[in-house]
Amino acid sequence: MIKLTVNGEPRSLDVDPDMPLLWALRDVLGLTGTKYGCGIARCGACYVHMDGHALPSCVTPVSAAEGKAITTIEGVESDTARAVRAAWAELNVVQCGYCQSGQIMSAIDLLNGNAEPDDAAINAAMQGNLCRCNTYARIRQAIKQAAASLRAQGGEA
């Protein structure tokens, strides 16, 4: 039995410890906001937060998440998450939307560690997230807008 905390709730899963965290979240817990992309940690569609940091759930065994706080796109709540979502909506970042949950999880992780990221910092932090619609300019702009919004609020970033 694997014991996880997912989106703040304790969960016990009777699954193979080697099962990718992605499948435990999607298929066992029904949290389908996290997407399957490449299956080899190259596209970022499957990013979730483990203890507050973004990582690819497609290559992370569920056993590695035991005792950790797992947050999915469905459960991420903070001033930073709200600022990122607002910027994404305001700047109409989403095109097809498939990669966006992973993009948003990486953007939140970035802003939690860097309140004022420049283009180089954004590019470095987001390099694990691919977007087939090529919305990178809007993603970069949204991250900067979210950062500015957080600074204006005097809130977390």
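Here are four short exercises on this predicted model, each with a worked solution.

**Exercise 1. Place T72**

Find where T72 lies, decide whether T72 is buried or exposed, and list its contacts beyond the neighbours within four places in sequence.

*Solution.*
- Start with the secondary structure: strand 5 covers 69-71 and helix 2 covers 79-90, and T72 sits in the loop between them.
- Next, check accessibility. Buried means under 20% relative accessible area, and T72 comes out at 0%, so T72 is buried.
- Finally, look for partners. With neighbours within four places in sequence set aside, T72 touches V6, N7, L25, L31, T34, V48 and M105.

**Exercise 2. Helix 2 against helix 5**

Work out how helix 2 and helix 5 are oriented, and which residues make the contact.

*Solution.*
- Get the geometry down: helix 5 spans residues 136-153, and it packs on helix 2 at an angle of about 135 degrees, the axes being 8 Å apart.
- Now classify the angle. Over 145 degrees would count as roughly antiparallel and 65 to 115 as roughly perpendicular, so this pair is oblique.
- For the hand, helix 2 crosses helix 5 in a right-handed way.
- Then pick out the residues: helix 2 brings D79, T80, A83, V84, A87, W88 and E90, while helix 5 brings I139, A142, I143, Q145, A146, S149 and L150.
- Sorted by class, that contact between helix 2 and helix 5 holds 9 nonpolar, 3 polar and 2 charged residues.

**Exercise 3. Helix 3 against helix 4**

Do the same for helix 3 and helix 4: what are the angle and the axis distance?

*Solution.*
- The angle is about 130 degrees, with 9 Å between the axes of helix 3 and helix 4.
- Helix 3 is therefore oblique to helix 4.
- Their crossing is right-handed.
- On the helix 3 side you'll find Q103, S106, A107 and L110, which meet A121, I122, A125 and M126 of helix 4.
- The class count for helix 3 with helix 4 is 6 nonpolar, 2 polar and no charged.

**Exercise 4. Find the cores**

Which residues have the most contacts inside the largest nonpolar core, and which helices each supply at least two residues?

*Solution.*
- The largest nonpolar core counts 24 residues, and V84, W88 and I143 have the most contacts inside it.
- Helix 2, helix 3 (100-113), helix 4 (119-126) and helix 5 each give this core at least two residues.
- Zoom in on W88: leaving out neighbours within four places in sequence, its contacts are V93, V94, Q100, Q103, I104, A107, I139, A142 and I143.
- Apart from the largest core there's another, with 16 residues, including L4, V6, V15 and A24.
- Look back at Exercise 1: V6 is also one of the residues in contact with T72.

How values were computed
Residues are numbered from 1 along each chain as its sequence is written. This is a predicted model: local features need pLDDT of at least 70, side-chain atom pairs count only at pLDDT 80 or more; totals for chains, interfaces and linings use all residues. Side-chain values use heavy atoms; hydrogens and water are left out. Buried means under 20% relative accessible area, exposed over 50%, partly exposed in between (1.4 Å probe, protein chains only). Contact means heavy atoms within 4.5 Å. Axes are lines fitted to C-alpha atoms, for helices over the stretch in contact, and angles run from 0 to 180 degrees between N-to-C directions. Angles under 35 degrees count as roughly parallel, over 145 as roughly antiparallel, 65 to 115 as roughly perpendicular and the rest as oblique. A crossing is left-handed if the near helix is turned anticlockwise from the far one by less than a right angle, and right-handed if clockwise. Ala, Val, Leu, Ile, Met, Phe, Trp, Tyr, Cys and Pro count as nonpolar, Asp, Glu, Lys and Arg as charged, and the others, Gly among them, as polar. A nonpolar core is a set of buried Ala, Val, Leu, Ile, Met, Phe, Trp, Tyr and Cys residues joined through side-chain atoms within 4.5 Å.
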